[in-house]
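Student: I'd like to learn how to read a protein model feature by feature. Could you walk me through one?

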Amino acid sequence: MGSSLPSRLVTVTGGAALLCLGTGCAWISLVATDSVAESAAVERRCAPAAPVPDSRYIRQHAPDSESPLAQVPPALGHRFSREALLIAETIGVSDLIAQLPSLEAEAEQQIERSAVRLLQVRQELSDRLLLAFFDVARTAAEADCEEERADQLADRLQETRDRRVRTQTLIAIIGDALVGVLSGGLSLAGHETAAAAGAISGGVLATAFGTSALFSGVQHDFRHPRNLLREVWEAPDEPTLIPRSVWRFLNRPLADDPEGRSLRETLISRWRQHGRLGEPSSDTEQRRIALFFGEGGLYEIEELRARAAMLDLLEADVNLMSQDLERLLQEILASRAP
């Protein structure tokens, strides 16, 4: 009779611990599923409702060479900065700017219809600059929207993981305390061996729960069929998502880069240098390349954060185009000053 009591107590202790384990894990799984459930009705749409066509200037006035400033008329070189002339070539208005000196000279001489033609050219310039600003704005807005999508899902997964860690830690504490009480009772009853066995079992369970809390991972399916990052990574001859004006800006060789790389190439280098893709040639890099630049898949929190950071860098680089556009506009307006 005396020997069966410790056995029953240890059995009860183990059963209670297993019950806590099973119940705790089932509850944790339910939270992880419910907290990140997404519905197509509430999913943010980052793409335009309908495709936005490029203007005819962008389609028809592509740069003819790697050095678009080689054929700049001297009159333009004196009036416009190098940055202004480069962005004019990028957005396809170099031919309009080239007409300004002669039209202005004709207007001063009051040649027939010269003033009207000058006004028309300036109006076309203004319209094209406005469209270019909108190209920048919509590309940056889409990148920012996709960044927010990734960040929001990462935040929800982080909340789920935090709840899981708190739950598993609490189960470990309560289980360890329960086993400690039962082991103490066995020890007082004179069953030291059973008490020691119970204490060891409780320690193992508490360690298991505590360790699993530290390595708790959460994944969720995240889709991005319209993938700006893929277009930057693959560099197609004709972009389908990024407007041509912005695409030319991103692929234009940088004057201050010793290697003559484009903004797109330096952007990819920064992605790698900041560790967004993982260690070079590692399994992590291969997985992230397939995941980030594909249609989507199962993302972990760290991968969502990395994708959001990459989109943030893309948005920042696209917005740099606004500086050059503003410079061009200011120099056009300055040339009209009396």
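**A guided reading**

Tutor: Sure. The protein has twelve helices and two strands. Keep in mind that this is a predicted model.

Student: In what pattern do the helices and strands follow one another along the sequence?

Tutor: Reading along the sequence, you get α-α-α-α-α-α-α-β-α-α-α-α-β-α. Of the 338 residues, 39% count as buried. And if you take the contacts with a separation of 6 or more, residues 24 or more positions apart account for 72% of them.

Student: How do the two strands go together?

Tutor: Look at the direction and the bridges. Strand 1 and strand 2 (residues 296–300) run antiparallel, joined by five bridges. As one example, Q219 has E300 in strand 2 as its bridge partner.

Student: Which residues of strand 1 are on its covered face, and which are on the uncovered one?

Tutor: H220 and F222 make up the covered face, while Q219, D221 and R223 are on the uncovered one.

Student: What comes after strand 1?

Tutor: A loop leads from strand 1 (219–223) to helix 8 (228–234), and R226 lies in it. To judge a residue like that, check its accessibility and then its partners. R226 counts as partly exposed because its relative accessible area is 25%, between the 20% and 50% cut-offs. The R226 side chain makes a polar contact with the side chain of E142, at 2.5 Å. You can also compare chain position with position in space: R226 and G296 are 70 residues apart along the chain, yet their C-alpha atoms are separated by 9.9 Å.

Student: Now a helix. How do I read helix 5?

Tutor: Start with length. Helix 5 (residues 94–108) has 15 residues and reaches 22 Å from first C-alpha to last, close to the 21 Å expected. Then look for a bend: there is one of about 35° at L100, and a proline, P101, follows within four residues.

Student: Which residues of helix 5 are buried, and what follows the helix?

Tutor: The buried ones are L96, I97, L100, L103 and E104. After helix 5 comes Q110, with a positive phi near 60°. You can read helix 10 (residues 263–273) in a similar way: L263, R264, T266, L267, I268 and W271 are buried there. Helix 10 is followed by G275, whose phi is positive too, near 75°.

Student: Is M310 buried or exposed?

Tutor: M310, which is found in helix 12 (residues 301–335), has a relative accessible area of 0%, so the residue counts as buried. Leaving out residues up to four places away in sequence, M310 touches L229, W271, R276, L277, F292 and F293. You met W271 among the buried residues of helix 10. The C-alpha atoms of M310 and H274 are 9.5 Å apart, with their positions 36 residues apart along the chain.

Student: What about disulfides?

Tutor: The general idea is that a disulfide is a covalent bond between the sulfur atoms of two cysteines. Here the count comes to one. C46 and C145 form it, with their sulfur atoms 2.1 Å apart. This pair links distant parts of the chain, 99 residues apart: C46 is in the loop between helix 1 (4–34) and helix 2 (56–60), and C145 is in helix 6 (residues 114–188). The link is left-handed, with -75° about the S-S bond.

Student: Why do C46 and C145 count as buried?

Tutor: Buried means under 20% relative accessible area. C46 has 13%, so it is buried, and C145 has 9%, so it is buried too.

Key
Residues are numbered from 1 along each chain as its sequence is written. This is a predicted model: local features need pLDDT of at least 70, side-chain atom pairs count only at pLDDT 80 or more; totals for chains, interfaces and linings use all residues. Side-chain values use heavy atoms; hydrogens and water are left out. The expected span of a helix is 1.5 Å times one less than its number of residues. The bend at a residue is the angle between axes fitted to the seven residues ending there and the seven starting there. Buried means under 20% relative accessible area, exposed over 50%, partly exposed in between (1.4 Å probe, protein chains only). Contact means heavy atoms within 4.5 Å. A polar contact is a pair of N or O atoms within 3.5 Å; within protein, one must be able to donate a hydrogen and the other to accept it, and residues adjacent in sequence count only if both atoms are side-chain atoms. Two strands pair if DSSP finds at least two bridges between them. A disulfide is a pair of cysteine sulfur atoms within 2.5 Å.
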